[in-house]
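This report summarises computed features of the structure shown below. It turns to selected positions and then to the overall architecture.

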Amino acid sequence: MKKLNLTRNTVILAVVLLLIVLYPLLGAKPYHLHLFILFFIWAMVASSWNLLNGISGINSLGNIGFMAIGGYGSAILAKTFGLSTLITIPLGGIIAMVLVTLFLGLPTLRLKGVYIALLTLIFADTLPTLLTQTRAVTGGAVGLHEIPPFFAGAGKIHNYYICLAAFLVMLYVIHRLIKSNTGLAFVALRDSENLATSLGVSRFRERLKVFAISALLSGLAGGFYVHSLGDISPTTLAIEPFLMGIAMMELGGIGTLFGPVLGAAIIVFGSEFLRLADVLRMTILGGLICVTILFFPGGLMQAFRKLGNLMDRRGKRKRGESVQAKVQSAD
Amino acid sequence: MILETQGLTKTFGKLAAVNNISFGVDEGEIFGIAGPNGAGKSTLFNMVAGFYPPTSGKVFFRQEDITHLSADKTCRKGIARTFQIPSTFHTLDVYDNIRIGATFGRMAGDHRKIDDWIDEIIDFLGLDDKKHHSSVNLDLYSTKVVLLAAALATDCRLLMLDEPMAGFTMAEIESYLSLVRKIRKEMNITVIIIEHLLDILIDVSDRMMIINNGELLYLGDPEKVTEDRRVVEVYLGGKDYKGGHNV
Ligand SMILES: Nc1ncnc2c1ncn2[C@@H]1O[C@H](COP(=O)(O)OP(=O)(O)O)[C@@H](O)[C@H]1O
Ligand SMILES: [Mg+2]
C-alpha cells in the first residue's frame, strides 16, 4: 500500500511540475505569470519560516523581517553600488543571516515559547522605524523603486523561471536538511528538549543554526522578491504579509515539507480569486483557515493524507468484495 | 572511581534539596540510590548530568571536573541518564529515537559506524520487532526500554537510571533488571539506579546509598542497610524491617 501511495504522489508532483514549467510557453498572460512569481517567492518564505516554527517548534514572528533585510540588502547593493544580482542576492541573504543570528539567535538562547515570539516580533517591528531613520540609503517610508532586474532586459518570463528555479532548489535544500542529522536535532529539541540534550544534542548550536538557516533562506527569498517586482517599502513589513505567511504554514500543514508550499499556493491564488469579494477577502481567508485547522489541526497536508488513506482502504475493500463475491458464487 | 561528588549541594530558595553529599561510584559496579519521595535523588542526578548547576560542591567523572559542563557535553563525556517521567520523541519512530543518541552522543562524527551501532543496540535490547513502530503508542515497559536504548546508543560509560521500574509489574521488573545486569556485564557500563523498592535495590546493587531530606543517610553494603538504625528509623518508618515493599 505504501508503495502505491508513493507512486501516486510522485505522479501528481511530476505532472504539476511539468505544467508549471510549460505554463509560460502556453501563452500565459503576464499578470498570471506575476501571480506565479508571487507564489514562488511566498513558497520560499513560508518554507524557510517553517524551519523555525514547524520543524524546530520555535515560534518566530520575524521572518517577514528577515525577508525584508535580504530584500533591502540586495536592492541597495544592486541599485547604489551597481553590483550584479548574482552577488547581491546571496549577500542579502548573508546579511539577514548574520543580523538575525546575532540579534535573535543568541538572545533567544535563554528564552522559551511566547517570549521568543515576542522578541522576534519586536525585531521585525523595529525595522520600519529603522528604515525611516535611514532614508538616504533605504528610501525611508517611500521605499526603493526601480530596483534593477535580475539582469539587464529581464522580463516576466525570465523572472518566472528564475524564481521557479530558486524555489525548487530551496525546497530541495530544505528537504535534505530535514532528512539530515541537523534536521533530526531540530525535531529532537522540539519534541523534548531535556531528552535531546541528555542524548548529546547541543541546544546552543542547533538554536543558532536554525535561526541562521531560516534567516538566510528568507533573506534570499527577499532578494528574489525585490528583483522580480522592482520595489520594496516598509509596507512589506505591514501586518497583512505577516499574517499571510503565518496562514500559509498553518493552512498547508506546519512542520511538513509541502504544507507551506500548498498554503502559499492557496493564499496567493485564492486571495487573487477573492479580490472579487473585496473587503471580505481577509475575512473569507481567515474563516477558511479556522475551519481547516478546526477539522485538520495538521492543515491540508493532514486532510490529503487522510483522503489518500481512505482511497487506499476503499481500493482494498473493493478487491476484498470481489473475492467475497467469487466465494459466494462458488457456493 | 568513575564518578565522585564532593559536598554537592543544591538549594531551591530556602530548601536544601541536596545538602552536602559526597560519594563515589566504582568503575563497573551497580550503585543503588534510595530515599523517600522528595529526598533529592532526582536533583542529585540533575546536577551530575549537567541539568542543574550545583549551588556548591563538585562533580568528577574519571578524575575530570565536570561540575560546570552542560548536559549535552556531559553526555559526550560518557554519562547517559534517563528521566523519572518516561517520554520519547513523540513524532519519531523507535529507530529514530535511538538514532538521536547514536548521532549526538560519544559516537558523534563517526557516521559510517552509526547504523551498525544502532542495530547492535536494538538487537541487544530485543527491540527488533518494534524498530519502525511509532514511539507514542508503546506500552510503559517498551517505552522505558526504548529510552534505555537511546541512552545506551550514546556509547556511555556511566548510565544513570531515575526510577526506571516505577509502574512495572513484578515480571517486568525482573526482565528490566536482567537487562541492567546484562548491560553491566556485556557492555562494561557502570550503572547508578534510583529505585523505590528497597528489596529490589538490595538485590541488584553492589553498593548503595540512602538519602533523606537531601542528606546522605547510608552509604555502603546493601546487605547491611536494613540493620542500620537510622535507615530503619527514617526510611522504613521506625518499625523493624521485615522485607516487603516500601512505597
Ligand atoms: N526545579 C525545582 N525547583 C524547586 N524545587 C525543586 C525543583 N526540583 C526539585 N525540587 C524540590 O527538591 C526536593 C527534592 O526533589 P527530588 O530531587 O525530585 O526528589 P526525589 O527524586 O528524591 O523524589 C523536593 O522537595 C522538590 O520539591
Ligand atoms: Mg525523583
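## Two glycines and the fold of chain A

In this predicted model, B:Gly101 has a relative accessible area of 0% and is therefore buried, the cut-off being under 20%. The residue belongs to helix H3 of chain B, which covers residues 94–104. Beyond its neighbours within four places in sequence, B:Gly101 contacts B:Ala150, B:Ala153 and B:Thr154, together with A:Leu199 from chain A. Its C-alpha atom lies 23 Å from that of B:Glu29, with the two positions 72 residues apart in sequence numbering.

B:Gly24 is located in strand E2 of chain B, residues 15–25. With a relative accessible area of 12%, B:Gly24 also counts as buried, because this value falls under 20%. Setting aside residues up to four places away in sequence, B:Gly24 touches B:Met1, B:Leu3, B:Glu4, B:Glu29, B:Phe31 and B:Arg207. B:Phe61 is 37 residues from B:Gly24 along the chain, and their C-alpha atoms are separated by 9.8 Å.

The two C-alpha separations are set out below.

| Residue pair | Separation in sequence | C-alpha distance |
|---|---|---|
| B:Gly24 and B:Phe61 | 37 residues | 9.8 Å |
| B:Gly101 and B:Glu29 | 72 residues | 23 Å |

What secondary structure does chain A contain? Chain A has 14 helices and zero strands, and its pattern along the sequence is accordingly written as a succession of α elements.

The radius of gyration of chain A is 22 Å, which agrees with the value near 20 Å for a compact globule of 331 residues. The C-alpha trace spans about 90 × 60 × 35 Å along its principal axes. Of the 331 residues in chain A, 49% are buried. Among contacts in chain A with a separation of 6 or more, 75% are between residues 24 or more positions apart.

The exposed area of chain A is about 16400 Å², of which carbon and sulfur atoms supply 70%. Chain A carries 27 positive and 13 negative side chains, and the centres of these two sets lie 8 Å apart.

How is chain A divided into domains? The domain assignment places residues 28–237 in domain 1 and residues 239–320 in domain 2. The C-alpha centres of domain 1 and domain 2 of chain A are 23 Å apart. Contacts between these domains of chain A involve 25 residues of domain 1 and 21 residues of domain 2.

Notes
Residues are numbered from 1 along each chain as its sequence is written. Chains are lettered from A and ligands numbered from 1 in the order in which they are written. This is a predicted model: local features need pLDDT of at least 70, side-chain atom pairs count only at pLDDT 80 or more; totals for chains, interfaces and linings use all residues. Side-chain values use heavy atoms; hydrogens and water are left out. Helices (H or I, at least four residues) and strands (E, at least two) are DSSP runs, numbered from the N terminus. The radius of gyration is taken over C-alpha atoms; the globule rule is 2.2 Å times the number of residues to the power 0.38. Buried means under 20% relative accessible area, exposed over 50%, partly exposed in between (1.4 Å probe, protein chains only). Contact means heavy atoms within 4.5 Å. Accessible areas come from the Shrake-Rupley method with a 1.4 Å probe; for residues, only the protein chains shown count as cover. Lys and Arg count as positive and Asp and Glu as negative; His and the chain ends are not counted. The place of a charge is taken as NZ of Lys, CZ of Arg, CG of Asp or CD of Glu. Domain bounds come from an automatic or database domain assignment.
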